[in-house]
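User: I would like a close look at a single part of this model, with its surroundings worked through in one connected answer.

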Amino acid sequence: MEYKIIPSVCSYCGTGCGVLFKVMNGRLVGTLPNKTHPVNEGGLCIKGWNLHEYVNSFLRLTSPLVKVKGRFHKATWDEAIQVAADHFTSIVEKYGPDSVGVLVSAKMTNEENFLAQKFARAVIGTNNVDHCARL
Amino acid sequence: MREQIRSWLESGEMDAFLGFKEVEGHPIPHLFSKANLAELEGLIVNAPRYPLETLVAEMLQSQPGMKLGVLGDETTRRALNVLSIWNQVSPESVRVIDPDQFAPEEKGARKVFRVSEPGPVKLERGIDNRLGVDAIQALDGDDRVRRWMYEFQKCIKCYGCRNICPVCFCKECSLEHQDLISTGTVLTEVPIFHLVRAVHMAGRCIDCGMCEQACPADIPLRLLYRKVNSIVMELFDYENGLSSDQPPLSVLGEKVVLELKPIH
């Protein structure tokens with residue numbers, strides 16, 4: 001019998017509530033709020049309480065999918081990124097950079113958000129950057 | 001106490017001991033076993049209350065017959081008693097180690113962040129969580145209903161009260177039953193949601209207070225369940241967690257055996 005409680009941070013929103021994962025025999029079986037965490041002080045919302053469900057969900061995407069002729073096909077990251085890059089290039093060439101917008105997430109780190117706006121401004125050439133907290 | 005637990009683990013009288021260990025500055029429930037006896041030095045006894053009883057039930061469900069020790073107190077004993085009445089744990093598999101009996105000086109106050117200091121709006125419209133059943137009962141009827149409704153409508157339907165409850169173990173929860181409460185909608189059915197839960201706490205709640213601690217909306221749940229159980233005590237002379245019989249509210253036949261909750 002192996003039963004571990006592992007402290008972590010909720011991955012759903014930017015609040016950053018402290019959670020504890022219940023791991024029994026190597027499998028994630030439940031979530032508890034961290035009672036001594038200064039952010040949530042022992043409370044969680046319904047999404048936080050069910051964090052363990054998406055980790056074990058059979059619906060979870062474990063590899064990128066590329067849509068070919070209306071159907072999704074499994075692809076490698078290199079292939080998927082190449083497809084996205086090709087499409088962005090053709091859209092920017094045809095309609096101009098302001099036809100593209102970049103929506104980032106409160107769930108990402110500051111550094112990732114910085115990279116995303118850098119990508120929008122320097123690579124695509126648009127100021128259309130917004131984030132989920134304003135949607 | 002640590003020496004005693006160490007000798008139990010070494011002799012095999014106890015397969016594992018559920019206590020607390022400091023991880024990243026937080027007291028976190030931790031399973032001590034014979035394989036890592038040295039960790040016992042880091043055993044913490046004055047951590048805030050966690051539903052260790054639920055962890056015990058899950059472990060015993062996965063590996064029946066294992067002998068477990070659990071750090072706890074009188075409330076832990078009552079919770080385990082309720083669980084064994086409902087056939088969720090076998091009482092001979094669990095031994096509760098109360099630090100009070102071994103090292104009372106070590107226990108001290110249980111450290112929790114949230115202290116319920118009601119603000120002016122809550123005092124005017126709601127219910128002070130620190131009040132007793134009698135103080136609420138003394139309020140005028142209409143005022144009392146209005147205050148409870150104010151508290152209930154704050155609910156964000158996180159199901160935290162149900163999830164953290166050490167004596168909530170039903171496979172099919174009434175709070176997710178489509179005929180009673182719709183799941184997936186955000187606004188809570190007031191007051192059905194809370195009253196359904198209150199009715200189910202009758203004859204079961206052991207007054208550990210974790211539901212109220214876990215409630216992000218600061219609803220005085222403990223007070224509500226205390227009231228419900230004072231009625232059970234009055235009518236049936238049944239005290240939750242101390243009696244070895246199932247509560248008098250079992251309506252589904254003579255002896256109800258609820259199905260074990262599946263582990264995800």
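How many residues of chain B are in contact with chain A, and how many of chain A with chain B? From there, please go on to α3(B): what covers its buried residues, and which residues are in contact with Leu83(B), leaving aside its neighbours within four places in sequence?

Analyst: The model is predicted. Between the two chains, 33 residues of chain B are in contact with 27 residues of chain A. On the chain B side, β1 (16-23), β2 (26-33), α2 (52-62), α9 (160-164) and α11 (210-214) each supply at least two residues. The largest share of that side comes from β2(B), with 6 residues. By class, the side of chain B that touches chain A divides into 20 nonpolar, 8 polar and 5 charged residues.

Next, chain B as a whole. Chain B has 12 helices and 5 strands. Of its 264 residues, 36% are buried. Among the contacts in chain B with a separation of 6 or more, 67% are between residues 24 or more positions apart.

The domain assignment of chain B gives domain 1 (2-107) and domain 2 (120-236). The C-alpha centres of these two domains of chain B lie 29 Å apart. Across the boundary, 12 residues of domain 1 of chain B are in contact with 8 residues of domain 2 of chain B. On the domain 1 side, α2 and α3 (74-85) of chain B each supply at least two of the residues that touch domain 2, and α3(B) gives the largest share, 5 residues. This side of domain 1 of chain B has 6 nonpolar, 3 polar and 3 charged residues. α2(B) thus appears twice: it supplies residues to the side of chain B that touches chain A and to the side of domain 1 of chain B that touches domain 2.

Now α3(B) itself. Its 12 residues should span 16 Å at 1.5 Å a residue, and its end C-alpha atoms are 17 Å apart, which agrees. The buried residues of α3(B) are Thr76(B), Arg78(B), Ala79(B), Leu80(B), Asn81(B), Val82(B), Leu83(B) and Ile85(B). What covers them includes α2, β4 (68-71) and β5 (94-97) of chain B. After α3(B) comes Asn87(B), whose phi is positive, near 60°.

The covering helix α2(B) is itself mostly covered, with 9 of its 11 residues buried. Those buried residues are Leu52(B), Glu53(B), Thr54(B), Leu55(B), Val56(B), Ala57(B), Glu58(B), Met59(B) and Leu60(B).

Leu83(B) links several of these elements. Leaving aside its neighbours within four places in sequence, Leu83(B) is in contact with Glu53(B), Ala57(B), Gln88(B), Val89(B), Val167(B) and Phe169(B). Two of these partners, Glu53(B) and Ala57(B), are among the buried residues of α2(B). They are four places apart. An α-helix has 3.6 residues a turn, so residues three or four places apart point the same way. Val167(B) and Phe169(B) fall within the bounds of domain 2 of chain B, 120-236, and Leu83(B) within those of domain 1, 2-107.

Finally, the nonpolar core. The largest one has 74 residues. Those with the most contacts inside it are Leu18(B), Val56(B), Val70(B), Leu83(B), Val167(B) and Cys211(B). Of these, Val56(B) is one of the buried residues of α2(B), and Val167(B) is one of the contact partners of Leu83(B).

Note on methods:
Residues are numbered from 1 along each chain as its sequence is written. Chains are lettered from A and ligands numbered from 1 in the order in which they are written. This is a predicted model: local features need pLDDT of at least 70, side-chain atom pairs count only at pLDDT 80 or more; totals for chains, interfaces and linings use all residues. Two residues are in contact if their C-beta atoms, placed from the backbone, lie within 7 Å. Helices (H or I, at least four residues) and strands (E, at least two) are DSSP runs, numbered from the N terminus. Ala, Val, Leu, Ile, Met, Phe, Trp, Tyr, Cys and Pro count as nonpolar, Asp, Glu, Lys and Arg as charged, and the others, Gly among them, as polar. A residue is buried if 20 or more other C-beta atoms lie within 10 Å of its own, exposed if 12 or fewer, and partly exposed in between; C-beta atoms are placed from the backbone. Domain bounds come from an automatic or database domain assignment. The expected span of a helix is 1.5 Å times one less than its number of residues. A nonpolar core is a set of buried Ala, Val, Leu, Ile, Met, Phe, Trp, Tyr and Cys residues joined through C-beta atoms within 7 Å.
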